[in-house]
Amino acid sequence: MSAGDPLWYKDAVIYQIHVKTFFDSDGDGVGDFKGLSSKLDYLEALGVNTLWLLPTFPSPFRDDGYDIADYYSIHPMYGTMEDFTSFLGAAHARGLRVVTELVLNHTSDKHPWFQEARNSRDSPRRDWYVWSDTDDRYRGVRIIFLDTETSNWAWDPVSKQYYWHRFFSHQPDLNYDNPAVREEMWRVMQFWAGLGVDGFRVDAVPYLVEREGTTCEGMPETHEVIRYLRAQLDAHFPGRMLLAEANQVPELVRPYFGDGDEFHMAFHFPLMTRMFMAIRLEDRGPLTDIVRRTPILPDTCQWAVFLRNHDELTLEMVTPEEREFMYDEYASDPVARLNLGIRRRLAPLLDGDRRRIELMNGLLMSLPGSPIVYYGDEIGMGDNVYLGDRNGVRTPMQWSGGWNGGFSSADPEQLAFAMISNPVYGYQAVNVLAQERTHHSLLNWMRRLIRVRRSTRVFSRGTIALLDPPNQRVLAYVRTFEKEQVLVVNNLSGTVQAVELDLSSLAGAIPVEMFGQSLFPRIGSQPYFLTLGPHAFYWFRLRRL
Amino acid sequence: MADESLLSDDLLRQLVALGHVDVLVGIPTLNNATTVVDVVRAAQAGLGKYFPRARSVIFNADSGSDDGTPVLVRDATTDDTGTVTASRPLRTTQRITTPYHGLPGKGSAMRMIFAVADLLSADAIVALDPDVTSVTPEWISALVRPVREGQADLVAPLYSRAAVDGPLVTQLVRPLVRAAYGWRVQEPLMGEFGCSRRFVAHCLERSWGTGVIPDGVDLWMSGEALANGFRPGQAALGPRLLAHARKPPGLPDVFQQVMDAVCSCLELHAGYWLSRGPAEPVPCYGTLPGAVELGPRPDVTRMAESFARDVSALNPVLATILSAPTLAGVTAAAATRPLVYPDELWAATVFEFLLAYHRAVMTREHVTQTLLPLYLGRTASFLLQHGSSGPAVVHDALESLGLAFEQAKPQAAAQWKKA
Amino acid sequence: MTQLVADAVRQASVNFVDTVAMLLPRVLITVSIVAVGWVIAWALKWAVRWILIWLRFNHGCDRIGVGAVLKTADLPPADTLVSLIVFWLVWVGFLLSGVDVLGFTALEGMVRSFALFVPRLLVAIVILVLGVVCANFAWRATLIAGVNARIPSPRVVSGGVRALVLILAGAMALDQIAVARTIVLTAFAIAFGAVMLGLAIAFGVGGGSIARRILDHWFPEHPGAEQEEFRHL
C-alpha cells in the first residue's frame, strides 16, 4: 500500500485499535482480526486513513501484549497469520494504512530467547540481555512503573544473576550493545514489512542502551541503532514509517528525528497534557508555551498528536505543581491515578461535556501534527478505573445496546474485560448503532470534523503562527500551507467570550467558516471582533477574491 | 485567485448576509432594459416552482448600464405575470445586483459571477443571457437538475434550430469541437448553461484566459470542461429568440470573434485534443420541441453566385493557406451549379485554415477573414441542399458533416504537431 | 649612344626595382588585410546565418510576404541573402581598407565616395524592403476586405493599392541614393496625381454606387443591411 506519496504519514488521521477489545467474530470473548476486518467499513466511514494496532504477538499477557514471546507470529486468540494478512489486504483496498507495534526494548521473560539466555551463561543468547552480578549498576536511573516496581534490576533464580528491566520485572531489556540483537530486530521488521505493514510504532525507544553514570535514556548509541534500522527500512521498504514513543519534553524528543534519518514521527506527549491543562485553567498559556517550545522538525518529519491512548495520561514530564493541579482537577479519586498518570478515557476526564469533548477534538485536529483518535473516543466511551493496571481504558468497543454491547456473542463473564455498563457511559447509552441513527451524535460530528480536517493540507502540513489577543481564554492561530491559510479561534472557557484579534497582516482576506461555509466580514486593518459560545471554536478558511 | 478588488465592500456585506446558497442564477448585463425583466421573472418562477426548498439567489453583474437595467433586475416582480406559473416559494429568492469594473465583455462578468458562486458555496450555477426573450422557468430546471443530481458538471443547452438557423455553429463550430475535443456537444458556444461548484472552482484557478478570451468565454468554458475530465451534459431548452437592445455586430466582426475564440481554445487545449479519439455522445436531458421557423427562407442564390467570384479573387491568398489539392477542390466546387461544397472538402478547408492560424503564415486576422467567404459558400451549399428538408434529413446531413470532420482530424493533428 | 641607352635602361631598372621594393610591403599588407577580411567576413556570414535560422527569420519573412517576393525574383532565401549582404559589406570594407594602404591617390577618392554612398544604399534597401512588406500587407488586407465587402473587382483595387505603395517606396529609395532625383520626383508626382485624379473621377462619376456601398459598410444607416438575412449564431 505504501507506494505513492512517501510523506503519507503527514496527512494521516490515525485510529488506535486494541484488537483484543474491538470486535469478536468467533464468540470467545476476545476481539480478533476477522472481527476487525468486518469493521473496516465503519472505520472508512469515520474518515480515518491509518490504523495503529496494539500488539497482537504471542504473549503471556502480563502487560496486555507488550510482553512479547514470539515476534514472528500472531497470538491464536486473535486469529491466524492468514487472518492478519487478509485484514491487511482488506484495509489497503479501502485506502487504510496499517501501523503495528514494534517492541524493541524488551521481551517477555517467557520468550525463548530469554529462556535460553537464563538457562546457561554460555548460551549464545546470554548476551542478548543485560546481566549483572549486582543491582547497583546504573545507579540512580528512574523507575518508570513506580506503582509496581522497586528496582530496574530483577534477580533471576535460574542463572543466579540480575537482569535489567526498565518496565515490568517480567520484561527483561534486550542488550543493543550486541549486534546480533540489532540484526534480529531488523529481521523482525523485515518480516512484517514484507507482509505489507505500512509502519511501526516503536515502543519505549529512549531506553534501548544503558551507560554507567547516565540516565540511560536517549544515549548516542540508541540513536545509532535507530539510524541503522531506519536505513535498512528505507533501503528495502521505501515509504514505510517509524513512529517513536519517547515520553520526553519536545527538545529532548527532537534528537529522535535526527537529520531526517531516524524516526519519521514521534508522539508529542507534553502537548497532550497541556491541552487538558489549558481547558481546565481556561487559559491558553500552557498551550502557547509548549507550541513555542516545540522545535522545528526536518521537512520529512511529523509530530503525532493525541488526546488519549491505551496508557495512563502521563504526567511524567510536568512540574510537581502541574501534576498536583491535574490530579486535583482530573483524578480527585486516587484510584484513577497510576504511575504518575491518570488512567481515564477522554469523555470521563471531561465530565461527559459534549462541548469540551468537541473543543478538545477540534484542537487535536487543528494543531500541527498527525492526530490520533483512540478507539471508542469517537463515541465518547467511558472507562472502568477498577480494572487493574490500565485495562480500564481498554474495555470492549460498544457497538450497540444489545448483548455485550454488540462486541461479542460470548457469555458476558467470558469477556477479556467487562463491558462498561453504568447508565451514563454504559453500552446501552453510548454505542455506535444509536449514534449512527442520530444526526447530531458525537460520532457523526467526529465524522464531519475529520472530513473537514482532511479537506485541506493546511492542518497536516502547514506552519503555525500564534496570535496574542488580550483575552487569555481565547487561543487563536493561523495555519499556512503554500497559498492556503486557515484562521483557528478556540474559546477555552465555559462561558461566552468576546475577542478582538489583530489580523492586520491578513487584511483583505474573507473568512469562510469551514463547517457551514458561512461568510464573515472581510478582514481590515482594524482589530477583528468575534464572539464565541462556551467552548466554541471556529475554523476560517481565508479567501482572497 | 482574482485580485482583491473583485468584490467591493458593499457586495461583500450583501454576500455575508446571504450566506450559503444551493442555486445561483447569474445574469451578466449591459443595457438590457427591454428584455432583462422577463429573464429575471422566468428565473425567479423557475426557482420557485422547481426548487422551492433550495436557497437561491439571482446575481446580476452589470458592466455599467445607463438604461436602468440594474434597477429593473432588482425590482422585477412575478406577481403580475400571467404567463409564468406563480407559485408561492417556501424560501425567499435573494437578488443581488452589482456593477463590475473590469475589462468589458462577458468574460469579466462571468468571472465575477463564478467568484461569488464559489464564495457562497453554491452547488449549482446557471448563467442566462439577458437578451433572450424565450427563457422559460423550465430552462432553470433543465440546466440545474443534472448538476444537483450529480450527473453533470457542465450542462450545455440544446436549442431547437431550423435548418437555416445558426450555420456558424452547425457548419463550423459544432463539427470542429466534436472532432477536436471528441464530444458531441451541440452548442459549444453555450448562450446559457449550468455548471457545478467543482467546475467553477477549476475555472477560477485558471488565469481566466486573461487577454485570450474576452468574448469567447463560453467556448473557453466548454473547452475547459471537456479537456479536464468534467462530465458534460446537454439540456433541451427549446428555441432561442433574441432581441438585441443595441445594434449587434456585423458578420465579419462576429466571425472574427468566434474564430479567434475557437483558435485560441485549440491552442490552449492542444495537449488534450491532439491525442483525443473518436467523439463520444453527450448525455441529453429532456426532449426538444420542434424547430421554429424564424422567418422567410433567405435567398442563398446570391451567396452561391458570389462564392465563385470570391474564390477567384482570393486565389493568391488561398494558395498561401490551403494545400494544392484542397485549393483545387475549392476552386472546382466554386464552379459547380448548383453550388456543392462537399463535407470532406469543407472539413479539410477548416482544418487547413486552423493550421495556417496556428503557424501564423500571415496576420491571423487575415487568415480568419479569408475563411469568411468560404464559410458563406459552404452555408449556401448546405442551404441549397437542405434548406427545405425535414428535421430528420437535416439531422443526418449534420451528422455526416460531423463524421467528415472527425475523419479529417488525424491528419490535421499530425501536421499541427509538426508545426 | 649605346652607353646612354644602357644607362637609361639601368636607371629605369633601378627605379623599377625601387618602386617595387617600396610597393611590395604595401602590397603584402593589402593582400593580408583582404585575406583576413575574407576570413572574418566568412565567419560573420556563418554566424549571422546561424542566428537568423535560430530566430526563424525565414518564417517571419514568409509571414510578411518578403519570402514570396524573393522566391519570385529567384533570389536565395532571406537568411542566406542577409548573411551574404553582411559578408560582402564586411569584405568590401576590408578591401577598401587594403586599397587605402596602397596609397594611390586616385583610388583614395573613389574609396571615400564609395564609403559615403554605402550607408545611403543600405537605407534605400531598407526602404525598399519595408515598402515591399507594406505593399504586400496592404494588398492582402484590401483584397480580403474588398471580397468580404462585396466590392467589384477587388483584385484590381488591391493590386492598385500594392502598386501605389511600391511606387512610393521605389521613389523614396531612389531619392535616398540620389539617382535621377528630378526625373523620379517629377514622374512620381505626375503618376500619383494622375492616379488620385482618376480615382476621384471614377468614384465621383462612374463609381458612385460602389462608393456608396463602401460607405454604407463603414457607416451603415440600416443595421443588418450588409448581413445575410438569417442569424449565424
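Modeller: Let's fix a term before we start: a residue is buried if 20 or more other C-beta atoms, placed from the backbone, lie within 10 Å of its own, exposed if 12 or fewer, and partly exposed in between. This is a predicted model, so local features need pLDDT of at least 70 and side-chain atom pairs count only at pLDDT 80 or more, while totals for chains, interfaces and linings use all residues. Residues are numbered from 1 along each chain as its sequence is written, and chains are lettered from A and ligands numbered from 1 in the order in which they are written.

Biologist: Fine. Why is A:Glu282 called partly exposed?

Modeller: A:Glu282 has 16 other C-beta atoms within 10 Å. Buried needs 20 or more and exposed needs 12 or fewer, so A:Glu282 is in between.

Biologist: And what makes A:Asn404 buried?

Modeller: A:Asn404 has 23 C-beta neighbours inside 10 Å. The cut-off is 20 or more, so A:Asn404 counts as buried.

Biologist: What is the phi of each of these two residues?

Modeller: Phi is near 55° for A:Glu282 and about 50° for A:Asn404. Both values are positive, and neither residue is a glycine. Most residues other than glycine have a negative phi. A:Glu282 lies in the loop between α8 and α9 of chain A; A:Asn404 is in the loop between β13 (370–374) and α13 (432–436) of chain A. Helices here are DSSP runs (H or I, at least four residues), as are strands (E, at least two), numbered from the N terminus.

Biologist: Which peptide bond is cis?

Modeller: The one joining B:Arg337 and B:Pro338, with omega about -5°. Most peptide bonds are trans. B:Pro338 sits in the loop between α13 (324–334) and α14 (343–359) of chain B.

Biologist: How is chain A divided?

Modeller: Into domain 1 (8–104 + 179–454), domain 2 (112–164) and domain 3 (462–543), with bounds from an automatic or database domain assignment. The centres of domain 1 and domain 3 of chain A, over C-alpha atoms, are 30 Å apart.

Biologist: How many residues make the contact between domain 1 and domain 3 of chain A?

Modeller: Domain 1 of chain A gives 18 residues and domain 3 of chain A gives 17 residues. Two residues are in contact if their C-beta atoms, placed from the backbone, lie within 7 Å. On the domain 1 side, α12(A) gives the most, with six residues.
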